[in-house]
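Reader: I should like to go through the terms used for this model and ask what justifies each of them.

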Amino acid sequence: MTTINPISSSEGKYDFGGRLTADFPSQILMDITEICNLACTHCPHPTFAKSEHYEGRHLDPALNDKMVEEVRLHGQGKTQYIRYAANGEPLAHPNGYDMIEAAVKHSGVYVTLTTNGKIMNEKRTQRLLDAGVHLIDISIDAFKPETYAKIRVKGDLNITQTNVIRLLQWVRESKASTKVVVSFVEQPSNRHEIDDFERYWKDQGADFVIIRRLHSCSGAVVELADMRRQAQKQQQRRPCLYPWERMVVNARGDLAFCPSDWVHGSYVADYRKTSIYETWQGEFYQALRSAHLSNNYAKHSFCGACPDWESTRWPHQGRSYADMVEEFIGN
């Protein structure tokens, strides 16, 4: 169990403030399906799909409606955005488009989609634009087709690239307000392509090109997790941002606190029996935050074993995905 010297409260850096609010999460992560149509080498999904934790679930659309209503009632001026992403391909959900559209039309906040882009055919892409989704983030991770094939197993860069270029063209032609972002998870097999990737997608008109840092998915990528723990032995651990920033609604219908949890280790409550509002302000989250501030994870072993705390950036620690979204909202 990880227990290190407590963070000095005099620092005053790890608390609510700015876009982080004690009233309601600034981010709601909608992990609406366990199904994915790719088997990426840096992602735990191929192992997850063979584990006892996997059942190929899809989130009950009624819980999406419940979330949208909660954000409408409690999230105005507090929730920065709702993000459809996480442990499956959101567009693989049979009701995914309807759910995203409902969030756009009724939540009153910014709505984003993270997708691998494989099934964004003409009809589906046009539907997203018609719904008015605010931001579409396509995970690509390679510049060359052969690199893409090695990393994004079961994928074809030519198909994804065509889909994204068509999306960019439609946004320009329709003068839609939708922002289009492409992302790249840096790893040994693609690091040499970063400059070409950035240059190509900027030339194509992407609103932003994200180069993401590789992390261990809360320890699920075992080899990387072990390397990180070894490197952190002499480091002072700081609190992870997530307990102050976000809440996850996963495909099982649970509320969870970690977006990279593949073993249901961050379970908080059954969403059918409670609300985001009361859970965010409740005893569990208060205890979780205290554990992070004191570096005492005796009752929070999932967090205690996670080496990815240093990959989360607090607002005072530099630029993050949330800063990009904030700028888009302001434009």
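**Helix packing and an enclosed space**

Author: The crossing of α2 and α3 is right-handed. The model is a predicted one.

Reader: Why are α2 and α3 called roughly parallel to each other?

Author: The axes of helix α2 (residues 61-74) and helix α3 (residues 96-106) cross at roughly 15° and come within 10 Å. Angles under 35 degrees count as roughly parallel, and α2 and α3 are therefore described in that way.

Reader: Which residues of α2 and α3 meet?

Author: From α2 come Pro61, Asn64, Asp65, Val68 and Arg72, which meet Met99, Ala102, Ala103 and His106 of α3. By class, five residues of this contact are nonpolar, two are polar and two are charged.

Reader: What makes α3 and α4 roughly parallel to each other?

Author: α3 and α4 pack at an angle of about 15°, and their axes are 9 Å apart. The limit for roughly parallel is an angle under 35 degrees, so α3 and α4 are roughly parallel to each other. Their crossing is right-handed.

Reader: How many residues of the contact of α3 with α4 are charged, and which residues meet there?

Author: Tyr97, Asp98, Ile100, Glu101 and Val104 in α3 meet Arg124, Arg127, Leu128 and Ala131 in α4. Four residues of this contact are charged, five are nonpolar and none is polar. Asp, Glu, Lys and Arg count as charged, and the contact includes Asp98 and Glu101 of α3 and Arg124 and Arg127 of α4.

Reader: Why are α4 and α6 called oblique to each other?

Author: Helix α4 (residues 122-131) and helix α6 (residues 157-174) pack at an angle of about 40°, with 11 Å between their axes. Roughly parallel requires an angle under 35 degrees, and roughly perpendicular runs from 65 to 115. The angle belongs to neither class, and α4 and α6 are therefore oblique to each other. α4 passes α6 in a right-handed crossing. On the α4 side the contact is made by Glu122, Thr125, Gln126 and Leu129, and on the α6 side by Arg166, Leu167, Trp170 and Val171. Four residues of this contact are nonpolar, two polar and two charged.

Reader: How many cavities of 30 Å³ or more does the structure hold, and what lines the largest cavity?

Author: The structure holds one cavity of 30 Å³ or more. The largest cavity has a volume of about 120 Å³. A cavity is a space where a 1.4 Å probe fits but cannot get out. The lining of the largest cavity is made by 13 residues, and Asp31, Asn87, Asn250, Asp261 and His264 lie nearest its centre. By class, the lining has six nonpolar, four polar and three charged residues.

Definitions and conventions
Residues are numbered from 1 along each chain as its sequence is written. This is a predicted model: local features need pLDDT of at least 70, side-chain atom pairs count only at pLDDT 80 or more; totals for chains, interfaces and linings use all residues. Side-chain values use heavy atoms; hydrogens and water are left out. Axes are lines fitted to C-alpha atoms, for helices over the stretch in contact, and angles run from 0 to 180 degrees between N-to-C directions. Helices (H or I, at least four residues) and strands (E, at least two) are DSSP runs, numbered from the N terminus. Angles under 35 degrees count as roughly parallel, over 145 as roughly antiparallel, 65 to 115 as roughly perpendicular and the rest as oblique. A crossing is left-handed if the near helix is turned anticlockwise from the far one by less than a right angle, and right-handed if clockwise. Contact means heavy atoms within 4.5 Å. On a 1 Å grid over the protein atoms alone, a cavity is a set of points where a 1.4 Å probe fits but cannot get out, and a pocket is an open set with protein on both sides within 12 Å along at least five of seven lines; lining residues have an atom within 4 Å of a point. Grid points are joined across faces, edges and corners, and a volume is the space filled by probe spheres set on the points.
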